[in-house]
Amino acid sequence: MNVLQVDPKRYDVWNAFPTYFLEQSPVYVKGSVTTPTAFIEVMGHGIVAEAEVLLEETIERPDDPYWLGERQGGVALYSLVDLLQLHFHHPLLQVGMYEGDEPYESIRTKWNDGYHVPSSQWTKASYEAHLFREKLLAPKSHVTTCASCHVNLAERFGKEAYHLIEYHLTEERGIWVCPTCHKAIHTLD
């Protein structure tokens, strides 16, 4: 096992991980892995981080202000991890784009490939020109729901959703998509 899972209903990962990543502070994640580095999956969302595993402990729920709900008694196995990379909108590691028992090397390849544009349709110059054209022609956003995955960004990001949603130009028209789908559209073209 090389993926640690975080339940967003029990832990406020959307605020905790950026804070701990910027502070360069370690964080406890429930579970255990067999590799020195692990990927962290937000249940129902996908893999969002790569982390170095510092140690594993069997303890009660750690004292962390980002835990949600009442503290339940009992001990569990937790991994203390240092977040190496954080990407909430990874285009290749959303739920359904990898298997639960996928090998570490395969996930690592997808993680690294998500930062490139491997599509043969694009050169670096043509890709950057296309993105510039999309930004130049984009009207003011009036929607927060992605036309591709139908996720409403306002549910998670509030008013910031209008700034996060991106305009994608197709040959016929433009559509509003979340950053994850936008990158995936360009990657999979």
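Tutor: Accessible areas come from the Shrake-Rupley method with a 1.4 Å probe, and for residues only the protein chains shown count as cover. This is a predicted model, in which local features need pLDDT of at least 70 and side-chain atom pairs count only at pLDDT 80 or more, while totals for chains, interfaces and linings use all residues. Residues are numbered from 1 along each chain as its sequence is written, and side-chain values use heavy atoms, without hydrogens and water.

Student: What share of the exposed area of the protein chain do carbon and sulfur atoms supply?
Tutor: The C-alpha trace of the protein chain spans about 55 × 35 × 30 Å along its principal axes. The chain exposes about 10,800 Å², and the share of this area that carbon and sulfur atoms supply is 53%.

Student: What percentage of the residues of the protein chain count as buried?
Tutor: Buried means under 20% relative accessible area, exposed means over 50%, and partly exposed lies in between (1.4 Å probe, protein chains only). Of the 189 residues of the protein chain, the share that meets the buried criterion is 42%.

Student: In what pattern do the helices and strands follow one another along the sequence?
Tutor: Helices (H or I, at least four residues) and strands (E, at least two) are DSSP runs, numbered from the N terminus. The protein chain has six helices and seven strands, and read along the sequence their pattern is β-α-β-β-β-β-α-α-α-α-β-β-α.

Student: Which strands are the edge strands of the open sheet of five strands?
Tutor: Two strands pair if DSSP finds at least two bridges between them. The open sheet has mixed pairing and the strand order 1-3-4-5-2. Each edge strand pairs on one side only, and the two in question are strand 1 (3–6) and strand 2 (27–30).

Student: Over how many bridges do strand 4 and strand 5 pair?
Tutor: Strand 5 (residues 76–86) is joined to strand 2 by four bridges, in an antiparallel arrangement, with lysine 30 opposite tyrosine 78. Strand 4 also pairs with strand 5 in the antiparallel sense, where glutamate 56 stands opposite serine 79, and the number of bridges in this pairing is 10.

Student: Which residue in the turn between strand 3 and strand 4 has a positive phi?
Tutor: Strand 3 and strand 4 run antiparallel and are joined by six bridges, with threonine 37 opposite glutamate 52. The two strands form a hairpin with three residues between them, and the turn residue with a positive phi of about 85° is glycine 44.

Student: Which side chains of strand 2 are buried?
Tutor: In a regular strand the side chains alternate between the two faces of the sheet. Along strand 2, Tyr28 and Lys30 point to one face and are not buried, whereas the buried side chains, which point to the other face, are Val27 and Val29.

Student: What angle does the direction of helix 1 make with that of strand 5?
Tutor: Contact means heavy atoms within 4.5 Å, and axes are lines fitted to C-alpha atoms, for helices over the stretch in contact, with angles from 0 to 180 degrees between N-to-C directions. The buried residues of helix 1 are Val13, Trp14, Ala16, Phe17 and Tyr20, and their cover includes helix 4 (154–157) as well as strands 1, 2, 3, 4 and 5. Helix 1 (residues 13–23) packs on the sheet, and its direction makes with that of strand 5 an angle of about 65°.
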